[in-house]
Amino acid sequence: MTVLRFLSRCATACPPLAVAALAAMATVADAATVEVRAQGKGGQPLADVVVLLEPQGARAVVKPLAQVDIAQQGRRFVPAVTVVPVGTKVQFPNQDTVRHHVYSFSPAKKFELKLYVGRPENPIEFDHAGLVVLGCNIHDAMVGWIVVSDTPWYAKTLAGGRAMLADVPPGSYVLRSWHPDLPAGSTGIEQAVTVAADSLDLVASLPVASR
């Protein structure tokens, strides 16, 4: 018998505090691991895909990360694609020997770090969910992307096209998969997902070519 089934039987017979404790146990005991395999055109593994598992119904609590750096190296943003939970503060250290002028005009976060070298005095807080496109006023070829997540189940695929989402409670979700080569303005490819109390393997197919 799973914890969830036991909890449903106990709901009418157990004291309220016991039910609350069992509910917390159910969240841990029945949580699943979801593995996502992202593939592009031709079925090739696709790196730098941001995957978000968005619950249907009440939103889950999201905790900001303690520290995230997006550096400028070789006149590039490193990493080029970053995913962070809402409320995370990001530093933009300039590790080049030339100055950069980092900015974003994206609705999710508009900001500007005027010409500088080294590490800016203050980080930038990303307090709204959505896509943030980064640029440099001095070097037009520089571009980067930050996906700000309002769900705690998020990840970015590596070279093999895989990402793991841990501790996902059973329920109904939408898997949203986004890649920078999707058409401008795209919020990602969506697919409905049902998570049970065991591991789940998913394939996310995106209409982009593998790099």
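Reader: What makes strand 2 and strand 13 (residues 154-156) a pair?
Author: Two strands pair if DSSP finds at least two bridges between them. Strand 2 and strand 13 have 3 bridges, in the antiparallel sense, and therefore meet that condition. Leu 52 has Tyr 154 as its bridge partner in strand 13. The model is predicted: local features need pLDDT of at least 70, side-chain atom pairs count only at pLDDT 80 or more, and totals for chains, interfaces and linings use all residues. Residues are numbered from 1 along each chain as its sequence is written, and side-chain values use heavy atoms, with hydrogens and water left out.

Reader: What makes a stretch a strand, and which residues form strand 2?
Author: Strands are DSSP runs of E of at least two residues, numbered from the N terminus (helices are runs of H or I of at least four). Strand 2 comprises residues 50-55. Strand 2 is also joined by 6 bridges to strand 15 (residues 171-178), and these two run antiparallel. Within strand 15, Val 174 is the bridge partner of Glu 54.

Reader: Why is strand 2 called mostly covered?
Author: Buried means under 20% relative accessible area, exposed over 50%, and partly exposed in between, with a 1.4 Å probe and protein chains only. In strand 2, 6 of its 6 residues are buried. Val 50, Leu 52 and Glu 54 cover one side, while Val 51, Leu 53 and Pro 55 cover the other.

Reader: How is Glu 35 classed, buried or exposed?
Author: Its relative accessible area is 18%. That value lies under 20%, so Glu 35 is buried. Glu 35 belongs to strand 1 (residues 32-39).

Reader: What makes the link between the side chains of Glu 35 and Arg 162 a polar contact?
Author: A polar contact is a pair of N or O atoms within 3.5 Å; within protein, one must be able to donate a hydrogen and the other to accept it, and residues adjacent in sequence count only if both atoms are side-chain atoms. The side chains of Glu 35 and Arg 162 are joined at 2.4 Å, so the distance satisfies the limit.

Reader: Why are Arg 75 and Asp 167 classed as they are for accessibility?
Author: Arg 75, at 47%, falls between the two limits and so counts as partly exposed. Asp 167, at 57%, is over 50% and therefore counts as exposed. Arg 75 sits in the loop between strand 4 (71-73) and strand 5, whereas Asp 167 lies in strand 14. Neither is a glycine, yet phi is near 60° in Arg 75 and about 55° in Asp 167.
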